[in-house]
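Here are my notes on the model you sent over, mostly on the pockets. Have a look at the structure, then go through the points below.

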Amino acid sequence: MKYKIILAINIAIIIFEIIGIIVRLQVKGALGIEYYTMDSNLLALTASSAYIFYALRGKPQPKWLNILKYVSTTMLAVTFLAVIFVLSPMLENGLYILLLTDQMLYNHLICPILAIASFLLLEKHNLKNKDILWPIGATLLYAIVLIILNLCRVVDGPYPFLLVYNQSILATLGWAILILGGTGLISFATLHLRKEK
């Protein structure tokens with residue numbers, strides 16, 4: 001029964017991720033890979049697809065897939081919490097706009113909740129304490145790439161705290177430390193809440 005629930009949730013994630021991509025393309029006309037949100041959702045789509053591939057063939061989940069699941073789930077948790085506590089207060093009716101409209105219903109709400117619930121409550125993953133470095137590293141890589149692209153004026157933002165020409169260097173560093181620190185805490189919580197009791 002538990003196995004079927006896990007399969008159903010991962011299939012649902014795949015379906016909702018694809019719907020989110022279609023809506024995003026229709027509304028915005030572009031995939032938006034410069035967004036951490038979109039990157040985390042694309043990773044979740046990949047992880048759930050690979051999970052289904054191995055599960056339906058009765059094969060054990062390889063370590064790389066355990067790590068990918070962990071990274072994508074942590075990044076979705078970061079996305080979900082950042083939307084609620086950082087981004088939505090910057091907008092009027094921010095929670096409604098960022099959680100319930102267009103592709104954000106799927107990318108900010110449905111897929112993060114499904115992925116987090118499945119990872120923490122149902123799935124088994126062979127992860128070690130050192131694996132906490134994977135989601136932190138993924139987030140650090142994103143931050144470095146986007147800050148460089150902003151400095152080179154290739155990308156504008158896309159988040160207010162990445163607008164390097166609109167704030168001081170200290171503000172940019174402060175945001176980077178806050179987000180990386182938050183990612184570290186979420187990574188730690190995700191790993192240890194999942195450990196078998």
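1. Start with the second largest pocket, which has 18 lining residues. Nearest its centre you'll find Tyr 35, Leu 98, Met 104, His 108 and Tyr 159. The space in there comes to about 380 Å³. Keep in mind that this is a predicted model.

2. Which helices build that lining? At least two residues each come from helix 1 (2–28), helix 2 and helix 5 (104–121). Helix 5 gives the most to this second largest pocket, though its share is three residues.

3. If you're thinking about the chemistry of the second largest pocket, its lining splits into eleven nonpolar, five polar and two charged residues.

4. Now the largest pocket, with a volume of about 440 Å³. Its lining counts 26 residues, and the ones closest to the centre are Val 78, Ala 82, Phe 161, Ile 179 and Thr 183.

5. Which helix gives the most to the lining of the largest pocket? That's helix 7, with nine residues. Four helices appear with at least two residues each: helix 2 (36–56), helix 3 (63–87), helix 6 (133–151) and helix 7 (169–194). Helix 2 is also on the list of helices that supply at least two residues to the second largest pocket.

6. By class, the largest pocket is lined by 20 nonpolar and six polar residues, with no charged ones. For the second largest pocket, the charged count is two. Worth having both tallies to hand when you look at the two sites.

7. A small local detail: Thr 101 sits in the loop between helix 4 (94–100) and helix 5. A polar atom of the Thr 101 side chain is 2.4 Å from the backbone oxygen of Ile 97. Is Thr 101 buried or exposed? Its relative accessible area is 16%, and the cut-off for buried is under 20%, so Thr 101 counts as buried.

8. On the cysteines: how many disulfides does a search of the whole structure find? Zero. Two cysteines are worth a glance for their surroundings. Cys 111 has a relative accessible area of 0%, so Cys 111 is buried. Cys 152, on the other hand, is exposed, because its relative accessible area is 53% and the exposed class begins over 50%. Cys 111 falls within the range of helix 5 (104–121), the helix that gives the most to the lining of the second largest pocket.

Conventions:
Residues are numbered from 1 along each chain as its sequence is written. This is a predicted model: local features need pLDDT of at least 70, side-chain atom pairs count only at pLDDT 80 or more; totals for chains, interfaces and linings use all residues. Side-chain values use heavy atoms; hydrogens and water are left out. A disulfide is a pair of cysteine sulfur atoms within 2.5 Å. Buried means under 20% relative accessible area, exposed over 50%, partly exposed in between (1.4 Å probe, protein chains only). On a 1 Å grid over the protein atoms alone, a cavity is a set of points where a 1.4 Å probe fits but cannot get out, and a pocket is an open set with protein on both sides within 12 Å along at least five of seven lines; lining residues have an atom within 4 Å of a point. Grid points are joined across faces, edges and corners, and a volume is the space filled by probe spheres set on the points. Ala, Val, Leu, Ile, Met, Phe, Trp, Tyr, Cys and Pro count as nonpolar, Asp, Glu, Lys and Arg as charged, and the others, Gly among them, as polar. A polar contact is a pair of N or O atoms within 3.5 Å; within protein, one must be able to donate a hydrogen and the other to accept it, and residues adjacent in sequence count only if both atoms are side-chain atoms.
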